[in-house]
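The following note collects points for a colleague who is examining the coordinates. Each numbered point treats one topic and may be checked against the structure displayed here.

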Amino acid sequence: MILAVILMSLNWSTDLQAQRISPPAELSVRLVDGTTSCSGKVEVFFRGVWLGLCPSWWSIMKETKVLCRELNCGNPVAESIGPLVEDGRRRGLFLYSCRGNESLFRQCDITGEPGYCFGEYYHHVTCSESVRLVDGAGLCSGRVEVKSNQSWASVCEADFDRQDAEVVCGELGCGAPAALQGGLYGEGEGQTWDKEFQCKGKESLLLDCDTSDRKHNTCLPGNAVGLTCSEPHDVRLVGGGSRCAGGVERYNQGEWRTVGTLSDKKAIAAVVCRQLGCGSTLSVLTGNTTRRFGVSCSGSESSLRECLTSYDLHPGLTVICSDLLVQPDIFLTDPMGGLSRGHQGPEMFRGYNFTITCSTQPQYPGGSFLLTFTGSNIQQIQPAVNHSAAFLFPAADDSHQGNYSCVYDNYVFSHHFSSESELLSLTITDLQAQRISPPAEQSVRLVNGTTSCSGKVEVFFRGVWLGLCPSWWSIMKETKVLCRELNCGNPVAESIGPLVEDGRRRGLFLYSCRGNESLFRQCDITGEPGYCFGEYYHHVTCSESVRLVDGAGLCSGRVEVKSNQSWASVCEADFDRQDAEVVCRDVGCGAPAALQGGLFGEGEGQTWDKEFQCKGNESLLLDCDTSDRKNNTCLPGNAVVLTCSEPDDVRLVGRGSRCAGGVERYDQGEWRTVGTLSDVKALAAVVCRQLGCGSTVSVPPGNTTRGFGVSCSGSESSLRECSRSYDLHPGLTVICSDLLVQPDIFLTDSMGGVSRGHQGPETLWGHSFTITCSTQPQYPGGSFLLTFTGSNRTQTQPAVNHSAAFLFPAADDSHQGNYSCVYDNYVFSHHFSSESELLSLNITDLQAQSVSPLAELSVRLVNGTTSCSGTVEVFYRGEWLGLCPSWWSIMKEAKVVCRELNCGNHVAEYIGPLVEDGRRRGLFIYSCRGNETLFRQCEIIEEPGVCDGGYYRHVICSGKRLVILRDLFVHYIILPCIMFYVFFS
């Protein structure tokens, strides 16, 4: 005990020996075992040892911000607890609080003595590594700065676009970019980044993006780019029937977790409602009894992650926000064919009757609709029946021309709520002036939709309009022909419903179209009408003002815009990625994948004479602003073509992977089971292709749920291109080849020898390091194969807790190269494997980047409180061996060890601790004279043996900077105590 107290009082230098670096300052901070140098477990240097930080109340805007600042990292991204302390240690420090403006973590309020961490967890933190936003409000806005040679540089607006902004916002844990502007958050005081980023928008880190030399050598004042990202989608309200009401949950460490509190609930509710865009707080109800991690807010935070967080369990809470009700829809219908769409909106013929319908999503029962007419005090109210109400006008005249809106009102949660629709602008026109002929037999139209290109399908048959009964239907054939006849754009969706309100079930049946017909009547339609099964009709949605033509499938082709009822190509110079995002959304596809001029031809018509100025979040291209084109001509080969990704409307559920499970498709606002009676392998091939999950491995039985029928040929790009029926068919389960997620690979070390260089991680020659392979917890078991390119050497280990660690005792030149982890597992009666990205490892010299092999019988001290104390080890025939106890003089043998290591004066020598791993093998030394320069010059036995008692030699040297008072203390107080302990204990 006396010896332990003495040794704890000797706090010498702690850094690598040959670097000659001063020890860390007391209460310095570091992050260890993370995937980057700016992420990992928080450790604080306290009285000579690194201790973890125990969980407590913690704010990403205060404590995490200070930590990232001290480490010269970027913005705070996340904080969490975990993983469980593997070695059983629970001892750590406790932090009371930081103000957030401290330069160093030690300036915060830290407890004086370490204690035991509750639950055996430590604090973990993630900071951005190479980019940050400064001088903004909150975590998601500010001037963009990039780390260059350990200093931070502003970025010129001309070198940064929306794709770059998407990567930065994602890296910082924020939502999509909302604003991008030069000079918005000042100019900064340092240098300007001298490259131009060329991100594609999909990269995880800004450092992963390509760069090129800047086109301009200077960045004019006021052009340092400022960026505002939206808040992250990491908060939701559940169980209240609305996205603006329910129990509070936050996405944390890969799952949705209940949020609880013992503090001011109204402050938390205000932050939640603000982050969700749900207005103000109306009430905070009790009743959510689930207990989860605690949150405490002041009420002024931009998002919930800026509040204080604790991982103690607290009662959950339920929040009701003011914008509870979704915005209702308003649309115009008529039974007489008097409705058309003009340039200013819908037009109705004078004398024709028409109906304005108000509807809302089925959130809550009951409620009522108020129809308002601007410019008049006339109002009509009807109760909501099946969440809608129809207002009939018998004969249109000039008094009906104007703007209408629907206000939905309901009394729920002991409060009145209301929500107003967009305006519907109605124009009354004269039928005679239109000179319109009656519809041709078997003409087609869409009615009761939100646009002239969506709604219920009706066919003009023997003088009346009849609905089309549900049958097998393909968006690539039947829907395509219908959209073509109506001069609409691309097919977007087809469905059934709603239930026929007036009780009519009579309709026509369509057998099939080939897809190349110009008119719907050219398809195979039955001669006589019949009764529709289930009282449902076919509904279709086409894009209204934009289409993609001459491409492969529905999501690629030349962009054409409707202009005066004809279609015009768009010049590449007038179209950017924000415009592409809106078009892809308008035609029912996923995000833009490629944008290029001339790929699908020039088209035969005119060229659009405007330049689009979309922000990227509009629903329709017609909602975007436009401006006159800068150039009057569009050169040949510049008609813009667009390839969008397939829509995210298919998923596989219930088998532990996004690439295995029962097939479901998002249809009419909900996920529905897909079934089939036809070729299941063809359908499975389309599903695996659309999900990017490789090829089909098997279609096992077991999904007994019955779902709407789908029939595929196997060549379709997505499931929505297949034929479908709304009859119920047996569901199916699909297993795709890319079942396993890509494993992670990262480098760690216990000796501080790993750093991050320009080419990737670097480790110091002679230092041990560990390559860890890990994967998400999809399935138990499996194994990891560590491969090394350029060599046949491989290592295999079983996966324990979904990871495996490969230890390398001493780094040398043979370890330099590229490593990858291959995870293998046997599930669903098949072998699956997945390979990580490459980890490129460089081996560097501690002193001069030019390392020679360790000399035989070199010496080091390990497992001490400093680099100049610990167990004596000698490098012997390629491995480090301990030194067995024997007659030993502090004035001779210990003196030589300290001299070789440049560690100042010898202070103490002793034996212990007991060899933890059970090894007792070591070297024996006979004697040193005391004047040797190197330990190998002493008399050492050539062959190792077994150490008596299982102990090794330990030595303490003074360290590199010797202080006279310390020497006096050591020689006249410490040494006598040690001698007393050795001879009389």
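1. L747 stands opposite I771, a residue of strand 62. The model in which this register appears is predicted. Strand 59 and strand 62 (residues 769–774) are paired in the antiparallel sense, over 5 bridges.

2. These strands belong to an open sheet of 3 strands, ordered 59-62-65 and paired antiparallel. Strand 59 (744–748) and strand 65 (803–808) each have a single partner strand, so they stand at the edges and one side of each is left without a neighbour in the sheet. From one strand to the next, the twist averages 20 degrees.

3. Over the whole structure, 16 aromatic pairs are found. In one of them, F369 and Y408 are tilted, with 4.9 Å from centre to centre and 35 degrees between the planes. The pair links distant parts of the chain, 39 residues apart: F369 lies in strand 29 (residues 368–373) and Y408 in strand 32 (residues 402–412). Both F369 and Y408 are buried.

4. F808 and Y819 make an edge-to-face aromatic pair, at 6.1 Å centre to centre and 70 degrees between the planes. Because F808 is in strand 65 and Y819 in strand 66 (residues 817–827), the pair ties together parts that are 11 residues apart in sequence. F808 counts as buried at 8% relative accessibility, and Y819 likewise counts as buried at 2%. Elsewhere, F354, F373, F393 and Y404 form one aromatic cluster.

5. The structure holds 27 salt bridges. Among them is the bridge between R162 and E166, whose closest N and O atoms are 3.8 Å apart. Why are R162 and E166 separated by about one helical turn? The reason is that they are 4 residues apart in helix 3 (residues 162–171). An α-helix has 3.6 residues a turn, so residues three or four places apart point the same way. R162 is buried, with a relative accessible area of 14%, and E166 is buried as well, at 18%.

6. D210 and K200 form a salt bridge in which the closest N and O atoms are 3.8 Å apart. Distant parts of the chain are linked by this pair: D210 belongs to strand 16 (residues 210–213), while K200 sits 10 residues away in the loop between strand 15 (195–198) and strand 16. D210 counts as partly exposed at 43% relative accessibility, whereas K200 is exposed, with a relative accessible area of 56%.

7. A salt bridge also joins the side chains of R547 and E560, at 2.9 Å from N to O. R547 in strand 45 (residues 546–549) and E560 in strand 46 (residues 556–563) are 13 residues apart, and the pair links distant parts of the chain. Is each partner buried or partly exposed? R547 counts as partly exposed at 23% relative accessibility, whereas E560 counts as buried at 6%. In addition, R132, D135, R143 and E145 are linked in a network of salt bridges.

8. Helix 7 (residues 577–586) is largely enclosed by the rest of the structure, because 9 of its 10 residues are buried. The buried residues include the charged side chains' positions R577, D579, E581 and D586. At the N-terminal end of helix 7, D576 acts as a cap, with a side-chain oxygen 3.2 Å from the backbone nitrogen of Q578. G588, which follows helix 7, has a positive phi, near 80 degrees.

Key:
Residues are numbered from 1 along each chain as its sequence is written. Side-chain values use heavy atoms; hydrogens and water are left out. A salt bridge is a side-chain nitrogen of Lys or Arg within 4 Å of a carboxyl oxygen of Asp or Glu. Helices (H or I, at least four residues) and strands (E, at least two) are DSSP runs, numbered from the N terminus. Buried means under 20% relative accessible area, exposed over 50%, partly exposed in between (1.4 Å probe, protein chains only). A polar contact is a pair of N or O atoms within 3.5 Å; within protein, one must be able to donate a hydrogen and the other to accept it, and residues adjacent in sequence count only if both atoms are side-chain atoms. Two strands pair if DSSP finds at least two bridges between them. Axes are lines fitted to C-alpha atoms, for helices over the stretch in contact, and angles run from 0 to 180 degrees between N-to-C directions. Rings of Phe, Tyr and Trp (its six-membered ring) pair if their centres lie within 6.5 Å; planes under 30 degrees apart count as stacked, over 60 as edge-to-face and the rest as tilted.
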